[in-house]
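I opened a fresh page to keep track of what I look up here. My notes follow in the order I made them.

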Amino acid sequence: MNATAWKVTRTLLRRSLPLAGWYWTIIYLVWAVVIGLIARFGTVEASMWQNMGLQAPRWFTFVFGIIAVGTYLPMFVAHGVTRRDALIGSWGFLVPYALGFSTLTTLGFGLEYLTLDVFGLLDGLTEPYLVGSVSDAAAIWLEYSLVNLGYMAAGVLTAIVYHLLNPWWGTLLLPVVLLPAFVVEIGFRTEWTGFGLARMLGLDDEAHAGTGTAIALPTLLVAGAVTWLLVRRLPLKKISG
């Protein structure tokens, strides 16, 4: 990454980190309030974090993929940054962002596990806790890192398609540009999208981390290659004068 691409990355980080900070502060606070109320007035029978901490982050990375390429990339190019540097700089922002989100998701499981253990609530769960060891945490981090990257790639492709085509075609092609996200989810049989899509396709429900990873990596590479090919065709103009 050269100096220009790094400047793109720093600009995106500077403008997006406050929003991400507010998001995670709110979601952790909501989790704490919800589990506290249930523990006080009812019985904790399932992981609250699994129910509320897995779905939203992936769509957040999807939205940031749209914003980075749909809003900021044309702006960078208009001010003299090459498409190549703008895209590399955008990836330099989006990939760590997606990995950071998966890290905070994994930390949420660790925090909830400790909370349930300290207050003696683990025995009340109807199913074994999803993350009960360091190896479980590593597997969750890997899975949701790849899932978040899939949604990020889908967001980037969504922005490009809407930019290249009119809104009607962009909307019609949404099932296609969302494929990186959904293929990765099917590979890992994630809740709830992965399980649902796998059943629709007649696949088994059992999740295999190795299979999911083997499906996710080439999917992301193909999505990245398609992104590069399409970005080169974007009708962007440099500001002169």
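Before the first residue, I set the cut-off: a residue is called buried when its relative accessible area is under 20%. I also keep in mind that this is a predicted model.

**Entry: Ser 145**

I started with Ser 145, which sits in helix 5, residues 134-164. Is Ser 145 buried or exposed? Its relative accessibility is 2%, and the cut-off for buried is under 20%, so Ser 145 counts as buried. I then looked up its partners, leaving aside neighbours within four places in sequence, and found contacts with Leu 99 and Ser 102.

**Entry: helix 4 against helix 5**

Ser 145 led me on to this pair of helices. The axes of helix 4 and helix 5 come within 8 Å and cross at roughly 140°. I noted the crossing as right-handed. On the helix 4 side, the residues that meet helix 5 include Leu 99, Phe 101 and Ser 102. On the helix 5 side, Ser 145 is listed, along with Tyr 144, Asn 148 and Met 152, among others. Sorted by class, this contact has 13 nonpolar, five polar and no charged residues.

I checked the length of helix 4 as well. Its 36 residues should span 52 Å at 1.5 Å a residue, and its end C-alpha atoms are 52 Å apart, which agrees. Just after helix 4, I found Gly 120 with a positive phi of about 65°.

**Entry: helix 3 against helix 5**

How does helix 3, residues 55-78, cross helix 5? Their axes come within 7 Å, at an angle of roughly 35°. This crossing is right-handed. Helix 3 contributes Trp 59, Phe 62, Gly 65, Val 69 and Gly 70, among others. From helix 5, I wrote down several residues, including Tyr 151, Gly 155, Thr 158 and His 163. By class, I have 14 nonpolar, seven polar and one charged residues in this contact.

I also looked at Ala 56, another residue in helix 3. Ala 56 has 31% relative accessibility, so I put it down as partly exposed. From Ala 56 to Tyr 23 is 33 residues in sequence, and their C-alpha atoms are 9.9 Å apart in space.

**Entry: aromatic rings**

Next I turned to the rings, and the count came to 19 aromatic pairs. How are the rings of Phe 60 and Phe 101 arranged? Their centres are 5.7 Å apart and their planes are at 25°, so I call the pair stacked. Phe 60 belongs to helix 3 and Phe 101 to helix 4, so the pair ties together parts that are 41 residues apart in sequence. Both Phe 60 and Phe 101 are buried.

A second pair I liked is Phe 64 with Tyr 97, which is edge-to-face, with 4.7 Å centre to centre and 70° between the planes. Here too helix 3 supplies one ring, Phe 64, and helix 4 the other, Tyr 97, so the pair ties together parts 33 residues apart in sequence. I found Phe 64 buried, and Tyr 97 as well.

These four residues belong to one aromatic cluster, which also takes in Tyr 23, Trp 24, Tyr 28, Trp 31, Trp 49 and Phe 93.

**Entry: Leu 146 and helix 10**

Back in helix 5, I looked up Leu 146. Its relative accessible area is 6%, so Leu 146 is buried. Which residues does Leu 146 contact, leaving aside its neighbours within four places in sequence? I found Val 184, Phe 188, Thr 213, Ala 216, Leu 217 and Leu 220.

Several of those numbers took me to helix 10, residues 209-231. Helix 10 has 23 residues and reaches 32 Å from its first C-alpha to its last, close to the 33 Å expected. Its buried residues include Thr 213, Ala 216 and Leu 220. The buried residues of helix 10 pack against helix 4, helix 5 and helix 8.

**Entry: Trp 169**

My last look was at Trp 169 in helix 6, residues 167-172. With a relative accessible area of 49%, Trp 169 is partly exposed. Trp 169 and Ile 35 are 134 residues apart along the chain, and I have 44 Å between their C-alpha atoms.

Methods. Residues numbered from 1 in each chain as written. Predicted model: local features only at pLDDT ≥ 70, side-chain atom pairs only at ≥ 80, totals over all residues. Heavy atoms only, no water. Helix = DSSP H or I, 4+ residues; strand = E, 2+ residues; numbered from the N terminus. Buried < 20%, exposed > 50% of the residue type's maximum accessible area, 1.4 Å probe, protein only. Contact = heavy atoms within 4.5 Å. Axes fitted to C-alpha atoms, helices over the stretch in contact; angles between N-to-C directions. Left-handed = near helix turned anticlockwise from the far one by under 90°. Nonpolar A, V, L, I, M, F, W, Y, C, P; charged D, E, K, R; others polar. Phe/Tyr/Trp six-rings, centres within 6.5 Å; stacked < 30°, edge-to-face > 60°. Expected span 1.5 Å × (residues − 1).
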